[in-house]
Amino acid sequence: MEKIEHTTVATNGINMHIASIGTGPAILFLHGFPELWYSWRHQLLSLSSLGYRCIAPDLRGYGDTDAPKNSREYTVFHILGDLVGLIDSLGIDKVFLVGHDWGAMVAWYFCMLRPDRIKALVNMSVVFQPRNPHKSVVQISRDLFGDDYYICRFQEPGQAEEDFAQMDTARIIRKFLTSRNPKPPCIPKEVGFRGLPDSPNLPSWLSENDINYYAGKFNQTGFTGGLNYYRCLDLNWELTAAFTGLQIEVPVKFIVGELDITYNMPGAQDYITKGGLKKHVPFLQEVVIMEGAAHFINQEKPEEV
């Protein structure tokens with residue numbers, strides 16, 4: 001870990017922290033919620049040893065990267081502006097792109113809107129869904145699972161933050177990272193996120209030092225930056241109307257854990273394995289379903305990933 005370099009790059013009006021190591025063809029890693037560059041610690045070390053230049057930023061609103069106050073400054077266009085500016089500043093023309101969770105969502109948009117900057121994509125957990133011209137993601141989520149569904153709960157500014165404030169930050173991180181329940185997370189207001197089950201023991205792939213690293217950074221920044229990505233879901237839907245129907249036209253490998261909530265959504269497994277995904281991602285090379293793995297597969301199964 002001490003070989004990983006930490007620098008700050010000015011891009012798109014913000015200062016972005018990046019962790020990087022190695023030389024050679026560039027791989028850009030995009031983390032999810034509630035994560036940081038640190039989620040890619042294993043991949044940074046292993047792939048740099050194979051001759052790649054590995055770059056993992058703290059995305060806008062996270063860690064040591066700036067967090068604009070306005071929640072409307074977290075659209076995919078802002079995030080992509082940050083990332084294109086980042087690789088421009090590093091003198092990189094094209095990258096191999098790797099995403100997980102929200103990073104996967106951003107990666108799909110990156111490949112759809114700027115395929116000229118992407119060599120190939122390895123995406124994890126969040127599958128590509130073509131834009132529904134009639135309903136946004138939040139509307140669809142509310143119709144399927146009701147107001148208690150976590151994406152719906154995250155929409156109201158300050159509400160989730162107030163809920164999280166009732167718990168120690170390390171406990172919040174532990175709840176999220178160790179969850180293995182594949183059912184859609186619905187959180188009644190009267191129960192709150194503190195009602196999510198606690199894992200009595202950390203799994204072998206996660207240490208107290210790991211939890212404390214995340215908790216230390218989120219204690220500094222709070223969770224608002226990460227939650228603002230969810231609060232821009234409807235705005236993203238409005239702003240991407242002109243791109244309805246676009247396909248992902250770069251080579252793609254998709255990896256998901258069989259216990260991931262995303263893989264257990266209604267219709268998801270058939271969509272992923274029976275041709276639906278391939279229809280919208282025509283250069284899909286391979287789909288890997290990891291047996292016994294949950295959502296945070298880049299950390300849970302680092303060697304396999």
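Here is a short walk through the structure above, from its overall build to a few salt bridges.

The model is predicted, so let us begin with the fold as a whole. The protein chain holds 13 helices and eight strands. Its radius of gyration is 18 Å, close to the 19 Å given by the globule rule for 305 residues, so the chain is as compact as a globular protein of that length. If you turn the C-alpha trace onto its principal axes, you will find that it spans about 50 × 45 × 40 Å.

Next, consider how the chain packs against itself. Of the 305 residues, 51% are buried. When contacts between residues at least 6 apart in sequence are considered, 75% of them join residues at least 24 apart. On the outside, the protein chain exposes about 13300 Å², and 50% of this area comes from carbon and sulfur atoms.

Charge is a good topic to take up next. The protein chain carries 28 positive and 35 negative charges, and the mean positions of the two sets lie 3 Å apart. Across the whole structure, a search finds 16 salt bridges, and three of the pairs are worth visiting one by one.

Start with Arg142 and Asp147, whose side chains form a salt bridge with an N to O distance of 2.7 Å. Arg142 is partly exposed, at 35% relative accessible area. Asp147 has a value of 52% and counts as exposed, because the exposed class begins over 50%.

Now move to Asp163 and Arg194, a salt bridge in which the closest N and O atoms are 3.4 Å apart. Asp163 sits in helix 6 (residues 159-164), while Arg194 belongs to the loop between helix 7 (169-178) and helix 8 (208-221), so this pair ties together parts that are 31 residues apart in sequence. Is Asp163 buried or exposed? With a relative accessibility of 7%, Asp163 is buried, whereas its partner Arg194 is partly exposed at 35%.

The loop between helix 7 and helix 8 comes up again with Arg171 and Asp198, whose side chains meet in a salt bridge at 2.9 Å, N to O. Arg171 lies in helix 7 and Asp198 in that loop, so the pair links parts 27 residues apart in sequence. Both partners are partly exposed: Arg171 has a relative accessibility of 33%, and Asp198 has a relative accessible area of 38%.

One last stop takes us back to Asp163 and Arg194. Together with Arg153, these residues are joined into one network by salt bridges that share partners.

Methods. Residues are numbered from 1 along each chain as its sequence is written. This is a predicted model: local features need pLDDT of at least 70, side-chain atom pairs count only at pLDDT 80 or more; totals for chains, interfaces and linings use all residues. Side-chain values use heavy atoms; hydrogens and water are left out. Helices (H or I, at least four residues) and strands (E, at least two) are DSSP runs, numbered from the N terminus. The radius of gyration is taken over C-alpha atoms; the globule rule is 2.2 Å times the number of residues to the power 0.38. Buried means under 20% relative accessible area, exposed over 50%, partly exposed in between (1.4 Å probe, protein chains only). Contact means heavy atoms within 4.5 Å. Accessible areas come from the Shrake-Rupley method with a 1.4 Å probe; for residues, only the protein chains shown count as cover. Lys and Arg count as positive and Asp and Glu as negative; His and the chain ends are not counted. The place of a charge is taken as NZ of Lys, CZ of Arg, CG of Asp or CD of Glu. A salt bridge is a side-chain nitrogen of Lys or Arg within 4 Å of a carboxyl oxygen of Asp or Glu.
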